[in-house]
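Subject: Handover of a structure and findings

Dear colleague,

I am handing over to you the structure shown below, together with an account of what was found in it. Please keep the sequence and the 3D view open as you read.

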Amino acid sequence: MSSLRNAVKRVTHKERSQPQSRTHLGILEKKKDYTLRARDYHKKQDRVQVLRRKAATRNPDEFYFGMNRAGIKEGVHRKLEEVRQKEMEDTIGADAVKIMKGQDLSYVRLQLQKDARKIEKMQASLHFLDNYEEVGKKRRHTVFVESKEKADNFDVAEHFDTFPELAARSFNRPRRAMLKTAVCDNSDGGDSIGEKYVPTEKEQAKQAKVAKRAAKKIARARATAYREMEARASRKASMEIAEAHLITEKLLAAKGKKRKIKAAEDGKPAVYKW
């Protein structure tokens, strides 16, 4: 009998979906979803109510010595760095802290060496026409003429004997004669193979466009390389400051009487005298 009951097709109960007119509101919320949302809402409301009660009944003259070891930084109440350092030393020991500081210093020095070698390699590979700090500034080319009239009617392409598409380039700017005397194979074959020919105006314009496109690609690559070199130089400077801080902390952790002679400024560590 039980096998016959299992063989009979049963009604498949499906969950009610969101009506067509309310599909923009998302999936239809079920009771279990509402229960979770309601519990979370009331939990937050109870927490806010407790905080309001504490704020209303607080004593403005209340003081604990723990207040000297904590503070609010970026809106978050946390312990001071010196207190956390002291607790870590008490937990794992001063010798372990020294080893960790030494490992950090070794890592910073390794990164400094890598950045210095990379910057030196990039400086050797890039074509420095100007000073490194002046990269990105628009360079100028001054041309002297005989009269003011010639200056007013000055044509850059005519002066440099090149095409107007190549006139704005500061490097790899071929003249018209160089393009006209290009040597290539004659497509007709026969005895004229290898002879010089004068390209037409259409071919010259096509060559100028190809050269201009290649120049833009080279310029983009150079700009990317310069940006990377600037970023590496900036990171190298920050690594040098971090190295100075780690060295100062390592020296301060050693034994001996010391006296501060200069406070920390511009991100650099303080100066001590032993």
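Two strands are said to pair if DSSP finds at least two bridges between them. With that in mind, we may begin with the strands. Please note that this is a predicted model.

The hairpin

Strand S1 covers residues 70–73 and strand S2 covers residues 76–79; the two are paired in the antiparallel sense, over four bridges. One of the bridge partners can be named: Lys73 is matched with Val76 in S2. Together S1 and S2 make a hairpin, with two residues between the strands. In a regular strand the side chains alternate between the two faces of the sheet.

Which residue in the turn has a positive phi? It is Glu74, with a phi of about 55 degrees. This is a positive value in a residue other than glycine. Glu74 belongs to the loop between S1 and S2, and its relative accessible area of 75% makes it exposed.

The nonpolar cores

Six residues make up the largest nonpolar core: Ile119, Met122, Leu126, Ala225, Tyr226 and Met229. Helix H4 (94–125) and helix H8 (201–253) each contribute at least two residues to this core. Which helix gives the largest share? That share, three residues, comes from H8. If one sets aside neighbours within four places in sequence, Ala225 is in contact with Met122 and Leu126. There is also a second, separate core of five residues, among them Val108, Leu112, Met239 and Leu246.

Salt bridges

Side chains of opposite charge can pair when their charged atoms come close. How many salt bridges does the structure hold? There are nine, and three of the pairs are described here.

In the pair formed by Asp115 and Arg232, the side chains meet in a salt bridge of 3.3 Å, N to O. Asp115 lies in helix H4 and Arg232 in helix H8, so this pair ties together parts that are 117 residues apart in sequence. Is Asp115 buried or exposed? With a relative accessibility of 0%, Asp115 counts as buried, because buried means under 20% relative accessible area. Arg232, at 21% relative accessibility, counts as partly exposed.

In another pair, Lys30 forms a salt bridge with Glu15, and their closest N and O atoms are 3.8 Å apart. Both residues lie in the loop between helix H1 (2–7) and helix H2 (31–56), so the bridge ties together parts that are 15 residues apart in sequence. The relative accessibility of Lys30 is 22%, and Lys30 therefore counts as partly exposed. Glu15 counts as exposed, at 62% relative accessibility.

The side chains of Lys150 and Glu146 also meet in a salt bridge, at 3.4 Å from N to O. Lys150 is partly exposed, with a relative accessible area of 44%, whereas Glu146 is exposed, with a relative accessible area of 74%.

Salt bridges that share partners also join residues into a network, which consists of Asp115, Glu228, Arg232 and Arg235.

The surroundings of Asp115

Asp115 deserves a second look. A polar contact of 2.5 Å joins its side chain to the side chain of Arg235. Which residues does Asp115 touch, not counting those up to four places away in sequence? They are Arg232, Arg235 and Lys236. Two of these residues, Arg232 and Arg235, also belong to the network of salt bridges that includes Asp115.

The surroundings of Gln18

Gln18 is found in the loop between H1 and H2. Is Gln18 buried or exposed? Its relative accessible area is 15%, so Gln18 is buried. A polar atom of the Gln18 side chain lies 3.0 Å from the backbone oxygen of Gly26. Apart from neighbours within four places in sequence, Gln18 is in contact with Thr23, Leu25, Gly26, Ile27 and Leu28.

For your first inspection, I suggest that you locate the turn residue Glu74 in the loop between S1 and S2, then the salt bridge of Asp115 and Arg232, and then Gln18 in the loop between H1 and H2.

With kind regards

Note on methods
Residues numbered from 1 in each chain as written. Predicted model: local features only at pLDDT ≥ 70, side-chain atom pairs only at ≥ 80, totals over all residues. Heavy atoms only, no water. Core = buried A, V, L, I, M, F, W, Y, C linked by side-chain atoms within 4.5 Å. Buried < 20%, exposed > 50% of the residue type's maximum accessible area, 1.4 Å probe, protein only. Contact = heavy atoms within 4.5 Å. Salt bridge = Lys/Arg side-chain N within 4 Å of Asp/Glu carboxyl O. Polar contact = N/O pair within 3.5 Å; in protein donor to acceptor, adjacent residues only side chain to side chain.
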